[in-house]
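Me: I should like to understand how the terms used for a protein model are justified. Please take me through them in order.

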Amino acid sequence: MTVTAKARTLGELLQTEGYAGRAPFDGRIRLVQDEVRDNLTRKLRSGEELFPGVVGYDDTVIPQLVNALLARQNFILLGLRGQAKSRILRAITGLLDEEVPVIAGVDMPDDVLNPVGAEGRALLEAHGLDLPIRWLPRADRYVEKLATPDVTVADLVGDVDPIKAARLGTSLGDVRSMHFGLLPRANRGIFAVNELADLSPKVQVALFNILQEGDVQIKGYPIRLELDVMLVFSANPEDYTARGKIVTPLKDRIGSEIRTHYPTDVRLGMDITAQEAARAEGVIVPPFIAELIEEIAFQAREDGRVDKLSGVSQRLPISLMEVAAANAERRSLVAGDAPVVRVSDVYAGLPAITGKMELEYEGELKGADQVARDVIRKAAGATYARNYGSANTRDLEKWFEAGNVFRFPQGGASAAALKAAGEVPGLSDLAAEVAASSDDAVRVSAAEFILEGLYGRKKLSRAEELYAAPEAETRQQRGGRWN
């Protein structure tokens, strides 16, 4: 609802369009779920983007989410870490009105015509049409709480305030003596709880009691609050979180359980990473390197040494992209060359990989660094095979099999590195094809990517930046699986 001239009192508000003809306590309540539904319906009809920045869920998560919102339901998003659950919850605020009028001077945002709080009702009866109002923007109507085991009912619902009771002359059981928690302060808005299973069972019980029945006991005093709140949750699947679980009565009262997921396609993952990763202006990430970085996350999710129940967050390729770009920038500042991301920069981003993989026992034995290097190798092989697997590299392989080795220069001008790459038969020509660019730095990046891809397919061996013929055992395997 948009009001051209903002009213400052209830009387002024009742003269505006949309409120004309209404009166206090008229019972015509537009709940938050109704407001979200109305705005969602309008956006669907006009073809507007519903959840900006949420990529890869158009055919899976978003249709289920839209159905829940149209049905005026509270819902929970279940998924592993790094699956945009919090982003989706915050994006729901875009379906609220730009701003709504609430009673001024009270802690709990309350409807100006039909207040649910005792303080708001008292002010309305005392001031009538002169009731002061304030305008609450949609950003302030979203309250989020990260659940931890130490969260109490007082934190979420509130607590008895003896000083307030004494000042007002009320009993401790009077709702007016309460110091409100986060949930009442989210009245007329959206209240989100992240990692719901981490809440203690008694707090979870208080949540569904206050929402379904409107009552809760605080220190033995029954308190009744008929709140107008849309409640949304996120949590990891129960088979993952060992810290707690969602109590059955609360699960039963949540309207829809919506499962999120990681990107199903490398290209979708690349779009997410490109959207989220921050890098200095001027740093160039060639497409084949961007695909390699994304493929690393896909390979890690399939690796048997990585805990699948923990998951591999989408933050892995995002962080890796940022660190690799930073390393390219550092190399450029030191050596004066163009800041183009290369395979060596991806290896420099190992700290962005190791911290985002929970390892199984076998992985722990090998060590996080070694597992990460193995994942990079597999990703390079998969990326190369997907795009350039049919390229003829036989002369190149024979050159290495003859006992030659090659180390890419890591400093100096790209032209010198490209000239050095010319020693390897066919490498420069294939690099030009892969790079699709006349820029020397991009071609050097392509040449290094080709060698890494062949290493990933076990057609070469690698020790740091030194490429050589495959080991004897690997060469024997190539006679079977690898050719």
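The questions and replies below set values against definitions.

Me: How do you know what kind of model this is, and how are its residues numbered?

Reply: This is a predicted model, in which local features need pLDDT of at least 70 and side-chain atom pairs count only at pLDDT 80 or more, while totals for chains, interfaces and linings use all residues. Residues are numbered from 1 along each chain as its sequence is written, and side-chain values use heavy atoms, with hydrogens and water left out.

Me: How many helices and strands does the protein have?

Reply: The protein has 22 helices and 14 strands. Both are DSSP runs numbered from the N terminus: helices are H or I with at least four residues, and strands are E with at least two.

Me: Why is the protein called more spread out than a compact globule?

Reply: The globule rule is 2.2 Å times the number of residues to the power 0.38, and the radius of gyration is taken over C-alpha atoms. For 483 residues the rule gives 23 Å, whereas the radius of gyration is 30 Å, well over that value, so the protein is more spread out than a compact globule. Along the principal axes, the C-alpha trace spans about 95 × 50 × 40 Å.

Me: Why is serine 332 called buried?

Reply: Buried means under 20% relative accessible area, exposed over 50%, and partly exposed in between (1.4 Å probe, protein chains only). Serine 332 has a relative accessible area of 16%, and therefore it is buried. This serine 332 belongs to helix α13 (residues 315-335). Apart from neighbours within four places in sequence, serine 332 is in contact (heavy atoms within 4.5 Å) with Asp337, Ala338 and Pro339. In the protein as a whole, buried residues make up 52% of the 483 residues.

Me: What makes proline 137 partly exposed?

Reply: Proline 137 has a relative accessible area of 31%, which lies between the two cut-offs, so proline 137 is partly exposed. The residue is in strand β3 (residues 133-137). Proline 137 and glutamate 99 are 38 residues apart in sequence, and their C-alpha atoms are 4.1 Å apart in space. Not counting residues up to four places away in sequence, proline 137 touches Glu98 and Glu99.

Me: What makes β8 and β9 a pair of strands?

Reply: Two strands pair if DSSP finds at least two bridges between them. Four bridges join β8 (residues 215-218) to β9 (residues 221-224), so the criterion is met, and the strands run antiparallel. Glutamine 217 has proline 222 in β9 as its bridge partner. The two strands form a hairpin with two residues between them, and lysine 219 in the turn has a positive phi of about 55°.

Me: Why are β12 and β13 said to stand at the edges?

Reply: An open sheet of three strands has the order β12-β14-β13, with antiparallel pairing. β12 (406-407) and β13 (461-463) each have a single partner strand, so one side of each is left without a neighbour in the sheet. Three bridges link β13 with β14 (residues 466-468), and arginine 462 has tyrosine 467 in β14 as its bridge partner.

Me: How do you know that both faces of strand β1 are covered?

Reply: In β1 (residues 75-78), Phe75 and Leu77 on one side and Ile76 and Leu78 on the other are all buried. Four bridges join β1 to β10 (residues 229-235) in parallel, and four join β1 to β11 (residues 256-259), also in parallel. Leucine 78 has bridge partners alanine 235 in β10 and arginine 259 in β11.
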